[in-house]
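Here is a short report for a reader who is new to this structure. Keep the sequence and the model in view while reading.

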Amino acid sequence: MSTHAPHAPHTAQPVALPATLDEAVAAMAAVPAAVPVAGGTDLMAGVNAGRLRPAALVGLGRLAELKGWEYQDGHALLGACLTHARMSRPDFATLIPALAAAARTAGPPQVRNAGTLGGNIVTAAPSGDTLPVLAALDAALLIAGPDGGSREIPVGQLLAGRDRLRGGELLTHVRVPLLYAPQSFLKATGRTGPGRAQASVAVVLDPVRREIRCAVGAVAPMPLRPLEAERWVASLVDWDGERALAPEVVGAFGEYVGMACVPDPEPGPEQEGGEAPRLPPAMLHLRRTVSALARRGLGRALA
Ligand SMILES: Cc1cc2nc3c(=O)[nH]c(=O)nc-3n(C[C@H](O)[C@H](O)[C@H](O)COP(=O)(O)OP(=O)(O)OC[C@H]3O[C@@H](n4cnc5c(N)ncnc54)[C@H](O)[C@@H]3O)c2cc1C
């Protein structure tokens with residue numbers, strides 16, 4: 001699934017390489033069918049496979065202003081062109097630990113060196129590793145459009161397909177609250193070494209709002225928030241004390257998240273009053289995986 005406007009088929013492919021954001025927005029406006037390319041790890045795979053034929057490309061690789069971050073009102077404004085490799089470094093990990101942990105697992109080193117936060121968000125693949133973290137953080141997306149216009153939307157709006165990037169728009173920044181509290185990101189890939197997530201879980205503690213927020217990735221088209229489980233477990237935390245929870249509570253949270261994100265099938269009309277339908281073995285395995293990730297993720301965040 002891509003949250004960007006469809007790529008129009010064309011034969012010529014002019015490439016613009018702007019040096020500033022203003023130039024990039026102008027280049028997008030000049031050719032309405034132009035497609036932005038950051039690291040190219042997703043886009044070029046589509047081009048090489050013959051699935052995409054962008055009429056024109058606007059390369060974002062020279063936009064130094066989108067490769068770092070700045071601070072604003074208790075938030076970090078992350079540039080859309082931050083690479084996974086940059087987000088993996090210790091200074092970034094101190095700031096937003098779960099996002100750094102997700103970036104460290106996003107593909108092999110070549111992909112992490114080129115692939116960007118913005119590309120991960122706009123591609124919006126269910127297995128996108130930064131997405132559950134951004135959902136748990138309640139992140140917002142800053143978007144620049146033609147004629148100097150800009151707008152801000154919650155990340156969930158884009159991932160749920162309720163809002164899309166319109167023609168000529170660029171994702172410029174991601175606004176993330178700085179929580180100064182433990183966070184975790186864990187991912188199951190089904191094989192050793194780097195790989196796409198079969199399931200992933202982000203857990204963040206928000207001591208100011210006294211919330212524990214959790215998002216589960218890869219089990220649905222967009223990250224899922226088990227809101228009831230979040231509220232239940234947050235109500236058991238002694239926010240003014242040690243914030244420790246009994247192992248049974250942490251285990252029950254895992255079960256709660258697993259049940260919420262991989263629910264039992266609804267009984268069909270023929271099963272009314274009879275035996276409840278069972279989850280197929282593969283889904284049962286997925287639920288157990290999600291439960292284990294959520295249990296461990298919460299355990300780490302509270303350790
Ligand atoms: C071998 C391999 C392994 C991978 N493993 C993982 C993995 O484990 N986890 C994971 O999450 N991903 C993985 N990926 C996917 C990919 O690397 C990430 O999604 C990456 O973050 C994409 O970023 P990019 O800069 O390369 O995007 P690009 O390919 O440049 O762009 C992707 C899409 O986003 C649009 N776009 C990019 N930047 C902007 C912007 N600023 N504004 C508007 N639109 C924009 C492009 O037009 C395009 O539609 C893998 C890819 C490969 C090839």
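## Strand S8 and its partners

This is a predicted model. A good place to start is strand S6, residues 140-144. Strand S6 runs antiparallel to S8, and five bridges join the two. In this pairing, Ile143 stands opposite Leu171 in S8.

S8 has a further partner in strand S5, which spans residues 75-79. Here too the pairing is antiparallel, and S5 and S8 share five bridges. Ala76 faces Val176 of S8 across this pairing. Strand S8 itself covers residues 170-177. How many of its eight residues are buried? Six are, so the strand counts as mostly covered. Strands of a sheet pair through backbone hydrogen bonds, in either the parallel or the antiparallel sense.

## Three domains

The protein is divided into three parts: domain 1 (15-59), domain 2 (65-177) and domain 3 (189-302). The centres of domain 2 and domain 3, taken over C-alpha atoms, are separated by 24 Å. Domain 2 puts 15 residues into the contact, and domain 3 puts in 19 residues.

Which helix gives the largest share of the side of domain 2 that touches domain 3? Helix H8, residues 130-136, does, with five residues. By class, this side of domain 2 has eleven nonpolar residues, three polar and one charged.

## A parallel sheet

Another sheet is open and has three strands. Their order is S1-S3-S2, and the pairing is parallel. Why does one side of S1 and of S2 lack a neighbour in the sheet? Strand S1 (15-16) and S2 stand at the edges, and each has a single partner strand, so one side of each is left free of a neighbour there.

Strand S3 covers residues 56-59, and two bridges join S1 to S3 in the parallel sense. Ala16 stands opposite Val58 in S3. S2 and S3 also run parallel, paired over four bridges. Val35 stands opposite Leu57 in S3. From S2 the chain crosses through H2 to S3, and this β-α-β crossover is right-handed.

## Around the ligand

The ligand has 33 residues around it. Which of them come nearest? They are Ala38, Gly39, Gly107, Gly115 and Gly119. By class, the shell around the ligand holds 16 nonpolar, 14 polar and three charged residues.

Several elements supply at least two residues each to this shell. They are strand S2 (34-37), helix H2 (43-48), helix H6 (109-114), helix H7 (117-123) and S8. H7 gives the most, with five residues. The shell also draws on two domains: domain 1 (15-59) and domain 2 (65-177) each supply at least three residues.

So some elements met above return here. S2 belongs to the parallel sheet, and S2 also supplies residues to the shell around the ligand. S8 pairs with S5, and S8 is likewise among the suppliers of the shell.

## Two alanines with positive phi

Most residues other than glycine have a negative phi. Two alanines are worth a look on this point. Phi of Ala124 is near 55 degrees, a positive value. Ala124 lies in the loop between H7 and H8. Is Ala124 buried or exposed? Ala124 is buried, because 20 other C-beta atoms lie within 10 Å, and the cut-off for buried is 20 or more.

Phi of Ala218 is near 80 degrees, again a positive value in a residue other than glycine. Ala218 sits in the loop between strand S11 (211-217) and helix H10 (227-235). Ala218 counts as buried because it has 26 C-beta neighbours inside 10 Å.

## A buried arginine

Arg287 lies in helix H12, which covers residues 281-302. Why does Arg287 count as buried? Arg287 has 22 C-beta neighbours inside 10 Å, so it counts as buried.

Which residues does Arg287 contact, leaving aside its neighbours within four places in sequence? They are Gly258, Val262 and Leu279. Val262 is 25 residues from Arg287 along the chain, and 5.4 Å separate the C-alpha atoms of the two.

Technical notes
Residues are numbered from 1 along each chain as its sequence is written. This is a predicted model: local features need pLDDT of at least 70, side-chain atom pairs count only at pLDDT 80 or more; totals for chains, interfaces and linings use all residues. A residue is buried if 20 or more other C-beta atoms lie within 10 Å of its own, exposed if 12 or fewer, and partly exposed in between; C-beta atoms are placed from the backbone. Two strands pair if DSSP finds at least two bridges between them. A residue is near a molecule or strand if its C-beta atom, placed from the backbone, lies within 6 Å of it. Ala, Val, Leu, Ile, Met, Phe, Trp, Tyr, Cys and Pro count as nonpolar, Asp, Glu, Lys and Arg as charged, and the others, Gly among them, as polar. Domain bounds come from an automatic or database domain assignment. A crossover is right-handed if, with the strands pointing away from the viewer, the path from the first strand over the helix to the second runs clockwise. Two residues are in contact if their C-beta atoms, placed from the backbone, lie within 7 Å.
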